[in-house]
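Let's work through a few short exercises together. Take a look at the model first, then try each task before you read its solution.

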Amino acid sequence: MPKSSPSTKKRGRTVKRRSRIRRLGESAYGLLLVARTGLMGALALLLLVAGVWTSWHTARYAMLVEARERGTMTVAGCQDDRCTGPYVPAEGSGRRRERVSIAAAAAPDEGERVEVTVKPGSDRVVRTGPGGILHAWVPFAGSLLLAALVVAGGMKLRRTAWVMGALGAVLLGATFAAL
């Protein structure tokens with residue numbers, strides 16, 4: 001007769017006990033699942049923080065109305081990923097500049113004017129208004145999309161991932177529509 005695992009009586013039922021090796025294996029597997037979920041959560045958080053950090057470097061100029069140089073820029077020409085043109089300040093908001101540059105993705109067509117603010121200590125400008133604010137948050141939208149993949153695949157939180165992905169897609173779509 002084969003040897004069976006030890007059994008105990010509990011409330012009138014016979015319950016078979018698992019071996020010590022099997023219980024240890026189940027504990028190790030559970031620990032691996034917890035570690036994987038924690039690691040993927042940390043990676044998703046890192047992606048989101050990096051997206052906010054990158055976006056904030058531009059968004060703070062487009063969003064905050066502090067004592068910064070604000071005015072209008074007329075797009076004279078575009079090369080590669082930058083467009084240039086003259087800058088005219090708003091009343092009492094700085095000095096006139098012959099040539100400032102703006103990201104080509106945020107610039108309108110040549111000859112058009114756009115409201116901008118000058119980054120301190122440079123000749124680079126950032127678009128203001130709804131289009132400029134949305135354009136500044138594009139890196140965050142991309143990080144939302146990437147983090148959604150990590151949350152869905154690594155953490156198995158499908159609904160949360162769908163919400164994150166949808167928010168990223170809506171932000172990108174709104175930016176495209178605004179510009």
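**Exercise 1. Where along the chain is Leu-33 found, and is Leu-33 buried or exposed, or in between?**

Step 1: Leu-33 sits in helix H1, which covers residues 20–63. Helices here are DSSP runs of H or I with at least four residues, strands are runs of E with at least two, and both are numbered from the N terminus.

Step 2: Leu-33 has a relative accessible area of 31%. Buried means under 20%, exposed over 50%, and partly exposed in between, with a 1.4 Å probe and protein chains only. Leu-33 therefore counts as partly exposed.

Step 3: Now look along the chain to Ala-76, 43 residues apart from Leu-33; their C-alpha atoms are separated by 57 Å.

A word on the source: this is a predicted model, in which local features need pLDDT of at least 70 and side-chain atom pairs count only at pLDDT 80 or more, while totals for chains, interfaces and linings use all residues. Residues are numbered from 1 along each chain as its sequence is written, and side-chain values use heavy atoms, leaving out hydrogens and water.

**Exercise 2. Describe the overall build of the chain.**

Step 1: Four helices and eight strands make up the list of elements. Their order along the sequence is β-β-α-β-β-β-β-β-β-α-α-α.

Step 2: The C-alpha trace spans about 95 × 30 × 25 Å along its principal axes.

Step 3: The radius of gyration is 28 Å, whereas a compact globule of 179 residues would have one near 16 Å. This radius is taken over C-alpha atoms, and the globule rule is 2.2 Å times the number of residues to the power 0.38.

Step 4: Of the 179 residues, 28% count as buried.

**Exercise 3. Which residues do ring pairs link into a cluster?**

Step 1: A pair of aromatic rings is described by the distance of the centres and the angle of the planes. Rings of Phe, Tyr and Trp (its six-membered ring) pair if their centres lie within 6.5 Å; planes under 30 degrees apart are stacked, over 60 edge-to-face, and the rest tilted.

Step 2: The structure holds two aromatic pairs. Trp-56 and Trp-137 form a tilted one, at 6.4 Å centre to centre and 45 degrees between the planes. This pair links distant parts of the chain, 81 residues apart: Trp-56 lies in helix H1, and Trp-137 in the loop between helix H2 (129–136) and helix H3 (138–154).

Step 3: Trp-137 also pairs edge-to-face with Phe-140, at 6.0 Å and 80 degrees.

Step 4: The cluster is thus Trp-56, Trp-137 and Phe-140. Trp-137 is buried at 17%, while Trp-56 is partly exposed at 35%, and so is Phe-140 at 21%.
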